[in-house]
Amino acid sequence: MALFGLVGGCARPVEVAVERYVALGDSYSSGVGAGPYDKSSGRCARSGNAYPQLWARSRQVGSFAFVACAGATTGSVSAGQLGALNAATTLVTITVGGNDAGFGRVMKACVLESTAACVKEAGAAEIFMETVLPKRLDGLYGEISARAPGARVVVLGYPHLYMNVDYCPGVSTTRRNALNKASDTLATVVGAAAVRSGFVFSDVRDEFDGHELCSGDGWLNGTTVPLGDSFHPTARGHQLGYLPAMRSALGTRNADQR
């Protein structure tokens, strides 16, 4: 693509870089909970309301590969998504790590089982995050760098699920605190790995602050039908939480904040 401007009285082409964007990651990038889903994406549940889609539409990118998939782990991203990257890729985004640490198992314990079970599973997840996950993230991020050496890479985090309030129907303070503490540990581990790899980490907890479950203005789904949408960002969560976080990380003006 070329734009033309007057330089010394003569029209000369000015080359404008074409953005070639690849969106990797798990359900928080594919848009689970934001619906509706592209039927062709199958179990990956890719939504037109997901922040990668919103970014691509707003930027009129030269190319866009949306390969994020519900349930993805560091291993499945490595095995099934990195083929979308190449030396021409200029931008990569990713959310990953929550499923490695057993997000679904922790949520099941905290919603359906006892408080003791919730605290136990959340604690076990934190131990995994601190001892096993860093090496997995380092390996995956290294592969991304090798396949797309010239790309800007933005690693986005995960929000707190619950607001710190005195009362939240159906979920005790102890359970909420356990879940949010695990979220804090995950943010620390993922952010540190991103920095080690020379990537940009965008911590979305601040964007979602005041919009967690029990806030009265939540950007996250509670327990839903279908069950798989539960505890994932809504369409507003992507538009007003994740997309601004991505824009901020890349130093672009946030035109979507309402």
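Start by selecting Gly104, Met107, Leu227, Ser230 and Phe231: these lie nearest the centre of the largest pocket, which has 13 lining residues. Keep in mind that you're looking at a predicted model. The pocket's volume comes to about 290 Å³. Colour its lining by class and you'll get six nonpolar residues, six polar ones and one charged.

**Next stop: the enclosed space**

Now hide the surface and look inside. Rolling a probe the size of a water molecule over the atoms shows where empty space is left. How many cavities of 30 Å³ or more does that turn up here? Just one. Its volume is about 250 Å³. To find it, select Gly98, Phe103, Met129, Ser183 and Leu186, the closest to its centre among the 20 residues that line it.

Which helix gives the most to that lining? Helix 7 does, with four residues. Turn on the cartoon and you can also pick out helix 1 (27-30), helix 4 (103-112) and helix 5 (115-131), each of which, like helix 7, supplies at least two residues. By class, the cavity lining holds 13 nonpolar residues, six polar and one charged.

**Into the core**

Stay with helix 7 and select residues 173-196: this helix is also the top contributor to the largest nonpolar core, giving eight residues. That core has 69 residues in total, and Leu24, Tyr141 and Ile144 are the ones touching the most other members.

Centre the view on Leu24 and show what surrounds it. Skipping neighbours within four places in sequence, Leu24 is in contact with Ser29, Val67, Ala68, Gln81, Leu82, Leu85, Val92, Thr93, Ile94, Thr95 and Ile144. Ile144, then, is both a contact of Leu24 and another of the three best-connected core members.

**Helix 2 and its surroundings**

Select residues 51-59 for helix 2; its buried residues are Tyr51, Pro52, Leu54, Trp55 and Ala56. What do they pack against? Show strand 3 (20-23), strand 4 (63-66), strand 5 (91-94) and strand 6 (152-156), then add helix 1 and helix 8 (235-250), and you have the set. Before moving on, click Gln60, just after helix 2: the residue takes a positive phi of about 50°.

**Over to Arg236**

Helix 8 is where you'll find Arg236. Is this residue buried, exposed or partly exposed? With a relative accessibility of 41%, Arg236 counts as partly exposed, because buried means under 20% and exposed means over 50%. Show its contacts and, leaving out neighbours within four places in sequence, you'll see Asp217, Trp219 and Gly241. Then draw a distance from the C-alpha of Arg236 to that of Asn49: the two are 187 residues apart along the chain, yet the separation is 8.5 Å.

**Zoom out**

Finish with the whole chain in cartoon, where there are eight helices and seven strands. Along the principal axes, the C-alpha atoms fill a box of roughly 75 × 40 × 35 Å. The radius of gyration is 19 Å, which agrees with the value near 18 Å for a compact globule of 258 residues. Colour by burial and 49% of the residues count as buried. As for contacts between residues at least 6 apart in sequence, 69% join residues at least 24 apart.

Conventions. Residues numbered from 1 in each chain as written. Predicted model: local features only at pLDDT ≥ 70, side-chain atom pairs only at ≥ 80, totals over all residues. Heavy atoms only, no water. Core = buried A, V, L, I, M, F, W, Y, C linked by side-chain atoms within 4.5 Å. Buried < 20%, exposed > 50% of the residue type's maximum accessible area, 1.4 Å probe, protein only. Contact = heavy atoms within 4.5 Å. 1 Å grid on protein atoms, 1.4 Å probe; cavity = no way out; pocket = protein on both sides within 12 Å on 5 of 7 lines; lining within 4 Å. Points joined across faces, edges and corners; volume = space filled by probe spheres on them. Nonpolar A, V, L, I, M, F, W, Y, C, P; charged D, E, K, R; others polar. Rg over C-alpha atoms; globule rule 2.2 N^0.38 Å.
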